[in-house]
Amino acid sequence: MKILYLITKSEIGGAQTHVAQLAKFFAQNNNEVAVMSLPGGWLESEAIKAGAKFYPNIYFSNNFNLARFFRAIKTIRNLINQFKPDIVACHSTAAGFIGRIAARNSIPTIYTAHGWSFEPGTPWWRKLPAIMTEKYAAKFCQKIICVSKYTNDMGVKHRIADKDKFAVIYNGVEKIEAQPKTENSIIRIIFVGRLSKQKDPELLVKAALGLPPDLMKQIEVVIIGSGPKADPLNNLAGQNKNLCVKMLNDVSRGEAVSLLKNSDIFVLSTNWEGFPYSILEAMSAGLPVVATDVGGISEAIDSSCGFLIKRGDLVRLKEALTKLITDKNLRVQMGENARRIAENKFSLHKMLAETESLYKSLL
């Protein structure tokens, strides 16, 4: 097969990780793979490293501009004529729309919905155009892959396309070997995500600051990510010198995995979400998870492997952290259950096999 992947940005993120996994798998299994996105990011180097060809599209943008829109379409069409793909696989909202318009059913085309731009909480003046845009673009693809049942149900509910056009293929992660913990080591609580209103990392720090002093001294909070909330978060973390908060900004994927392996609890206090890779990677590393019950998160997390809390629920977050900090057996058991769920339900092998089968069904 000759497969062309289209995605708006090349920076590291969940959708980019997904495309990198697919590009590597298909490129290393006797397929020709091309990836097109904005140039200069993590995905560009990963695609080339995997043996795929990378093509920049400098006109991709999340902000609509008519001139850039038509230039982006022309750039894609030029590549289609040059590369002659058997499959066009579109990812992310902007490239997903532009790519489908560019291909216009001339080639079997797939759109992977990593989330929708009309998620609950979206203002109506953005939600309505987003729904109309997705309905229009859906006419120009054969399948819409949803990375969670939640995403699938949202698409069906808003009548983006007929039910039979949707397919659920969960994100997949490689197994991460956990690092053995020493008996008297500090309990590390880790957060990975953009420091923004969406991810709400401040809720975690507020919860940690609300713990009794004896518990506070037993923990270390590690926050990986960058964004507009970085300065307020630093100020908040500095309110109590008994609490150790390490702000690590963006780190390489290898460093992030190493930190997960050496952590004890994973927290994602997000306000809205599709189906985050960060939770799956934490589960694969054998960590119990405390997360907000939004998007498709409840499809991965249940009471056997973690705690689900309501959006912004500071009290429940403190309760969950207290239970996990004070009960090592609970941490270990939940972590082992999390690892087992990740291996059985969200393995990378499973995701790749299901995606390959879908691609071949369209040829």
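Cys244 is partly exposed, with a relative accessible area of 32%, where buried means under 20% relative accessible area, exposed means over 50%, and partly exposed lies in between (1.4 Å probe, protein chains only). Another cysteine, Cys141, is buried, with a relative accessible area of 2%. The model discussed here is predicted, and for that reason local features need pLDDT of at least 70 and side-chain atom pairs count only at pLDDT 80 or more, while totals for chains, interfaces and linings use all residues. Residues are numbered from 1 along each chain as its sequence is written, and side-chain values use heavy atoms, with hydrogens and water left out.

A disulfide is a covalent bond between the sulfur atoms of two cysteines. With a disulfide taken as a pair of cysteine sulfur atoms within 2.5 Å, a search of the whole structure finds 0 of them. Cys141 accordingly takes part in no disulfide, and the nearest cysteine sulfur, which belongs to Cys90, is 7.8 Å away.

The helices and strands named below are DSSP runs, numbered from the N terminus (helices are H or I with at least four residues, strands are E with at least two). Helix α4, made of residues 93-103, has 10 of its 11 residues buried, so it is largely enclosed by the rest of the structure. Among the buried residues of α4 are Phe97, Ile98, Arg100 and Ile101. The cover over the buried residues of α4, judged by contact (heavy atoms within 4.5 Å), includes β1 (2-7), α3, β4 (87-91), β5 and α5 (124-137). Just after α4 comes Arg104, which takes a positive phi of about 45° and is found in the loop between α4 and β5. At 42% relative accessibility, Arg104 counts as partly exposed.

Helix α6 (residues 149-157) can be read in a similar manner, starting from its buried residues, which are Tyr150, Thr151, Asn152, Met154 and Gly155. What covers them includes β5 (109-113), β6 (143-146) and β7 (166-168). After α6 comes Arg159, whose phi is positive, near 55°. A positive phi of about 55° is also found in Asn249, although Asn249 is not a glycine, and its place is in the loop between β10 (244-247) and α10 (253-261). Asn249 counts as partly exposed, at 45% relative accessibility.

Turning to the strands, β8 (residues 187-192) is mostly covered, since 5 of its 6 residues are buried. Two strands pair if DSSP finds at least two bridges between them, and β8 is joined by 6 bridges to strand β9 (residues 219-224), the two running parallel. In this pairing, Phe191 stands opposite Ile223 in β9. Strand β8 is also joined by 2 bridges to strand β11 (residues 265-268), again running parallel, and here Ile189 stands opposite Ile265 in β11.

Side chains of opposite charge can pair when their charged atoms come close. Counting as a salt bridge a side-chain nitrogen of Lys or Arg within 4 Å of a carboxyl oxygen of Asp or Glu, a search of the whole structure finds 13. One of them joins Glu343 and Lys175, with the closest N and O atoms 3.5 Å apart. This pair links distant parts of the chain, as Glu343 lies in helix α13 (residues 328-345) and Lys175 in the loop between β7 and β8, 168 residues apart. Glu343 counts as partly exposed, at 35% relative accessibility.

Another salt bridge is formed by Glu273 and Lys199, whose closest N and O atoms are 2.9 Å apart. Here too distant parts of the chain are linked, with Glu273 in the loop between β11 and α11 (277-284) and Lys199 in the loop between β8 and α7 (201-209), 74 residues apart. Both Glu273 and Lys199 are buried.

A further salt bridge lies within one helix, where Glu356 pairs with Lys360, the closest N and O atoms being 3.6 Å apart. Because they are 4 residues apart in helix α14 (residues 348-361), Glu356 and Lys360 are separated by about one helical turn. An α-helix has 3.6 residues a turn, so residues three or four places apart point the same way. Glu356 is partly exposed, with a relative accessible area of 21%. Elsewhere, salt bridges that share partners join Lys175, Glu177 and Glu343 into one network.
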